[in-house]
Amino acid sequence: MKKLLLSGLTFLLILAGNSDQPNIHDTTVKLNKRPFYEVHYGFSPVPIAPYQETYNLRENSGKFKSVRTIIPDSEKEHENGIIQVFFRGGKADEPVLLFIADYQSTEARVYVDHNQDYDFTNDGAPLRLQNDAIDIYLSNQNNKAGKFMTTLQRMTIQDEETRNNWKKNIRYKPAYSTMELTAPDFWFRELRHNIISANVQLNDIRFQIGLMDFNLNGIYNEPEDRVLVGDYGADTLSTDLNDNNYKVGDNTPFAVGNLGYKITSIDPAGTSISFEPIDFSEVTSRISEGSDFPDITIETLEKETINLKEQIIAGQYNYIEFWGTWCKGCVEEIPNIKAAHEKYQGQLNIIGLHSGSSGAALKKFIERKGINWTQFVASDESLKTLKVSGFPYGILINPEGKIEAFNVRIEDVLKLIQ
């Protein structure tokens with residue numbers, strides 16, 4: 001289960017009405033603390049491409065296109081690089097480019113292409129590293145309320161083996177197939193500030209509530225964004241939809257203990273969230289750890305409709321993995337799943353649910369990779385009912401047919417059955 005790192009500071013809470021006797025029928029929480037989390041788990045670096053006038057830009061959709069960039073004449077004599085930041089509030093389907101002048105120096109300068117015209121001479125003065133970090137603010141071009149903040153942080157890495165391994169496994173490597181990636185003694189990593197939260201105390205009820213700008217456009221009240229509910233004062237909040245969190249578009253009531261609440265409004269800029277109490281019986285029953293596995297319709301590779309529950313083998317652990325051929329992490333996991341399937345037959349039943357294109361191309365991929373465990377095609381119903389929040393996404397069913405855990409990987413499963 002992935003957790004997001006929050007500040008240990010207590011969040012300020014401002015309630016509508018008298019703060020000593022809050023009106024629990026109309027509560028507005030002011031969210032004013034922006035915790036951050038690492039984009040690349042395991043301290044994976046942000047790739048820096050050595051500057052060239054023609055840059056192979058990786059669009060948000062994953063496609064590539066060549067663009068011609070312009071940099072200040074005064075910076076051309078330095079050792080320069082380019083970083084791209086994923087942001088969906090700007091030019092359609094394109095990240096924001098950052099030009100880093102003299103990137104190996106402690107005096108590195110960062111030019112932000114705010115208007116996304118690939119010209120770094122018309123966006124104002126550059127930002128400078130302060131304590132090996134730079135905060136970057138991006139504005140949503142279609143909604144003035146939308147503000148997105150990300151931090152570039154420089155990490156010093158003197159170990160040559162670690163540096164070379166990171167270079168070998170760097171994300172988005174195809175974007176730089178014509179370039180040699182830089183390998184200085186430091187790397188940049190990105191820290192996104194797209195979660196904002198507060199601790200809440202209403203009479204004797206204490207919890208933490210937050211908002212996540214899931215699609216990274218600076219707006220917090222869109223259907224795919226998330227309402228996060230966690231423990232009061234906790235240093236971490238989960239974003240997993242199976243951990244009492246909700247998509248804004250689902251308009252789902254949330255529970256705190258045995259009490260129910262309903263969201264009444266969310267400020268687009270993420271500065272506040274309003275909610276009111278409701279009868280607990282109105283809170284939608286949610287599938288959770290310990291629940292019986294539900295009836296869910298999926299398809300076979302031959303497009304035959306079947307019930308996923310009927311594919312679960314009683315008396316064994318069952319591992320269901322949502323994956324896609326387009327997902328790098330999913331493809332990298334294949335050898336590990338294959339080894340587990342061969343070693344623990346009779347103890348562990350593995351079911352793959354592919355999300356994305358199906359048909360002949362998928363069958364060829366399965367054959368080429370030697371995938372010899374059960375494979376089906378994920379349905380919208382399966383993704384929504386099981387609240388799949390990323391790929392790969394694993395669910396473990398225990399021998400009694402109950403859900404043991406959400407958002408697990410095969411290595412987590414093996415720790416339980418070994």
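# Buried rings, a disulfide and two voids

User: Is Phe275 buried or exposed?
Analyst: Phe275 has a relative accessible area of 1% in this predicted model. Buried means under 20%. The value falls below that cut-off, so Phe275 is buried.

User: How many aromatic pairs are there, and what is the geometry of the one formed by Phe254 and Phe275?
Analyst: The structure holds 11 aromatic pairs. In the pair of Phe254 and Phe275, the centres are 5.8 Å apart and the planes meet at 75°. Planes over 60 degrees apart count as edge-to-face. The count is thus 11, and the geometry is edge-to-face.

User: How many residues apart are Phe254 and Phe275, and which strands hold them?
Analyst: This pair links distant parts of the chain. Phe254 sits at 0% relative accessibility, so Phe254 counts as buried. The two residues are 21 apart, with Phe254 in strand S19 and Phe275 in strand S21 (residues 272–278).

User: How are the rings of Trp323 and Phe365 arranged?
Analyst: Their centres lie 5.9 Å apart, and the planes are at 35°. Stacked needs under 30 degrees and edge-to-face needs over 60. The angle fits neither, so the pair is tilted.

User: Which elements does the pair of Trp323 and Phe365 link?
Analyst: Both Trp323 and Phe365 are buried. They stand 42 residues apart, in distant parts of the chain. Trp323 belongs to strand S24, and Phe365 to helix H3 (residues 360–369).

User: Which residues form one aromatic cluster?
Analyst: The cluster takes in the edge-to-face pair of Phe254 and Phe275. Its full membership is Phe207, Phe254, Tyr261 and Phe275.

User: Which residue has a side chain joined to that of Gln375 by a polar contact?
Analyst: Gln375 is in strand S26 (residues 374–377). Its relative accessible area is 10%, so Gln375 is buried. A polar contact of 2.9 Å joins its side chain to that of Trp323.

User: How many cavities of 30 Å³ or more are there, and how much space lies in the largest?
Analyst: The search covered the whole structure and found 2 such cavities. The largest holds about 40 Å³.

User: Which element gives the most to the lining of the largest cavity?
Analyst: The lining includes Trp323 and Gln375, along with Cys330, Ile334 and Ile337. Strand S24 (317–323) and helix H2 (328–343) each supply at least two residues. The top contributor, with 3 residues, is H2.

User: How do the residues of the lining of the largest cavity divide into nonpolar, polar and charged?
Analyst: Among the lining residues are Glu321, Ile371 and Trp373. Glu counts as charged, while Ile and Trp count as nonpolar. The split is 6 nonpolar, 1 polar and 1 charged.

User: Which cysteines does a disulfide join?
Analyst: The count comes to 1 disulfide. The cut-off for the sulfur atoms is within 2.5 Å, and the S to S distance here is 2.5 Å. The partners are Cys327 and Cys330.

User: What is the handedness of the disulfide of Cys327 and Cys330?
Analyst: Cys327 is buried at 7% relative accessible area, and Cys330 is buried at 1%. The torsion about their S-S bond is about 80°, so the disulfide is right-handed.

User: How much space lies in the second largest pocket, and which residues are the closest to its centre?
Analyst: The volume is about 260 Å³. Of the 15 lining residues, the closest to the centre are Val229, Gly230, Asp231, Leu237 and Asp243.

User: Which element supplies the largest share of the lining of the second largest pocket?
Analyst: The lining residues comprise 6 nonpolar, 5 polar and 4 charged. The largest share is 3 residues, and its source is S17.

User: Which residues does a cis peptide bond join?
Analyst: Omega is about -10° at this bond. Pro392 lies in the loop between helix H4 (380–385) and strand S27 (393–397). The bond joins Phe391 and Pro392.

User: What is phi of Lys387?
Analyst: Lys387 also sits in the loop between H4 and S27. Its phi is positive, in a residue other than glycine. The value is near 55°.

User: What is the phi of Tyr118?
Analyst: Tyr118 is in the loop between strand S9 (109–112) and strand S10 (127–128). At 12% relative accessibility, Tyr118 counts as buried. Tyr118 is not a glycine, yet its phi is positive, at about 70°.

Technical notes:
Residues numbered from 1 in each chain as written. Heavy atoms only, no water. 1 Å grid on protein atoms, 1.4 Å probe; cavity = no way out; pocket = protein on both sides within 12 Å on 5 of 7 lines; lining within 4 Å. Points joined across faces, edges and corners; volume = space filled by probe spheres on them. Helix = DSSP H or I, 4+ residues; strand = E, 2+ residues; numbered from the N terminus. Buried < 20%, exposed > 50% of the residue type's maximum accessible area, 1.4 Å probe, protein only. Phe/Tyr/Trp six-rings, centres within 6.5 Å; stacked < 30°, edge-to-face > 60°. Polar contact = N/O pair within 3.5 Å; in protein donor to acceptor, adjacent residues only side chain to side chain.
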